[in-house]
Amino acid sequence: MPWIVGVSGASGTPYAAAVLRGLLEAGEAVDLVVSRASRLTLLDETGISFRDARWRDDLRDWLARGADGKPDTFEVGLDRVRYWSAGDLAAGPSSGSYPAKGMIIVPASTASVAGVALGLSKDLLQRAASVVLKERRPLVVAVREAPLTGQTLRHLVALDDAGAVVVPASPGFYAGATHIQDLVDFVAGRVLDAAGVPHTLYRRWEGELGGGSRDD
């Protein structure tokens, strides 16, 4: 069964790329939903135009790119990825009878948080998240915004009450980050931790002060 990954229009497309690479490296299948707004963010942050008709080529270019913008940093196979258009409300993930392990929204914009919390289902990303919640499957929401309004905080509490796990896209520094990719991978790793997917994206805390500053 696949993990559904929804990419919303918030800034933070490197987070989504790192989570997708982590899932694929763990041998997981992925059902990908890229919102219309996220295409604008992706174009702005990477220069990549994500097109339905050429999604495989565009996704490969995106996932191969490092957080610093350098192309061909990673090698990624897409054999286990299935793509669904955000406007396709008849897609598999729109139904509770469609088999899925759960869903990850990364990055999650405040608009997508509100839509899922209120059950609006205006596009496939929101609909799939609503289905995951009603079926009591795992939902991980990696919210990326600052500052957060009271309204958004209430929406996040509502998602927590509904069983979702809210993971702020806030990198930690105890893992010994020396590169922007390390900070991105820390957030992606915490997202995968919340989903129960094994990975080696960051150095874990081992109860020893100064561990992050040691040379390997």
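Two residues are in contact when heavy atoms of theirs lie within 4.5 Å of each other. With that in hand, welcome to a set of close-up views of a predicted model.

**Figure 1. Helix α4 crosses helix α5 at roughly 45°.**
This view takes in α4, residues 110-118, and α5, residues 124-134. Their axes come within 9 Å of each other. Angles of 65 to 115 degrees would count as roughly perpendicular, and angles under 35 degrees as roughly parallel; α4 and α5 are therefore oblique to each other. The hand of this crossing is right-handed. On the α4 side, look for A111, S112, G115 and V116, which meet L125, Q126, A129, S130 and L133 of α5. Sorted by type, these contact residues are five nonpolar and four polar, with no charged residue among them. A general point about helices may help in reading the view: an α-helix has 3.6 residues a turn, so residues three or four places apart point the same way.

**Figure 2. Helix α4 also crosses helix α6, at roughly 50°.**
Here the partner is α6, which spans residues 150-161. The axes of α4 and α6 come within 9 Å, and the two helices are therefore oblique to each other. What is the hand of the crossing in which α4 passes α6? The crossing is left-handed. From α4, the contact uses T110, V113, A114, V116, A117 and L118, while α6 brings T152, H155, L156, A158 and L159. Eight of the contact residues are nonpolar and three are polar, and none is charged.

**Figure 3. Two residues of α6, H155 and Q151, are shown one after the other.**
Is H155 buried or exposed? Its relative accessibility is 14%, so H155 counts as buried. Setting aside neighbours within four places in sequence, H155 touches V113, A114, A117 and L118. Q151, also in helix α6, has a relative accessibility of 51% and so counts as exposed. How far apart are Q151 and A114 in space, C-alpha to C-alpha? The distance is 8.7 Å, with their places 37 residues apart in sequence.

**Figure 4. Helix α3 has six residues to find in this view: W55, D58, L59, W62, L63 and A64, each of them buried.**
Helix α3 runs over residues 55-64. What covers its buried residues? The cover includes the strands β1 (3-7), β2 (30-34) and β3 (81-85), along with the helices α1 (13-25) and α2 (36-46).

**Figure 5. The largest nonpolar core has 39 residues.**
Start from the residues with the most contacts inside this core, namely L23, L32, L59, W62, L63 and I104. Two or more residues come from each of β1, α1, β2, α3, β3, β4, β5 and α7 (180-195). Helix α1 gives the largest share, eight residues. For a local picture, centre on L63: beyond residues up to four places away in sequence, L63 is in contact with A17, L20, R21, L24, F74, V76 and L78. Apart from this core lies another, of 24 residues, which includes W84, A100, A129 and V141.

**Figure 6. Two cis peptide bonds precede P107 and P147.**
For the backbone-minded, a reminder comes first. Most residues other than glycine have a negative phi, and most peptide bonds are trans. The bond from V106 to P107 is cis, with omega near -15°, and P107 lies in strand β4, residues 102-108. The bond joining A146 and P147 is cis too, with omega about -10°. Where is P147 found? P147 sits in the loop between β5 (139-143) and α6.

**Figure 7. S121 and R136 have positive phi without being glycine.**
S121 has a phi of about 55° and lies in the loop that links α4 and α5. For R136, phi is near 60°. Which loop holds R136? R136 belongs to the loop between α5 and β5. With a relative accessible area of 68%, R136 is exposed.

Note on methods:
Residues numbered from 1 in each chain as written. Predicted model: local features only at pLDDT ≥ 70, side-chain atom pairs only at ≥ 80, totals over all residues. Heavy atoms only, no water. Axes fitted to C-alpha atoms, helices over the stretch in contact; angles between N-to-C directions. Helix = DSSP H or I, 4+ residues; strand = E, 2+ residues; numbered from the N terminus. Parallel < 35°, antiparallel > 145°, perpendicular 65-115°, else oblique. Left-handed = near helix turned anticlockwise from the far one by under 90°. Nonpolar A, V, L, I, M, F, W, Y, C, P; charged D, E, K, R; others polar. Buried < 20%, exposed > 50% of the residue type's maximum accessible area, 1.4 Å probe, protein only. Core = buried A, V, L, I, M, F, W, Y, C linked by side-chain atoms within 4.5 Å.
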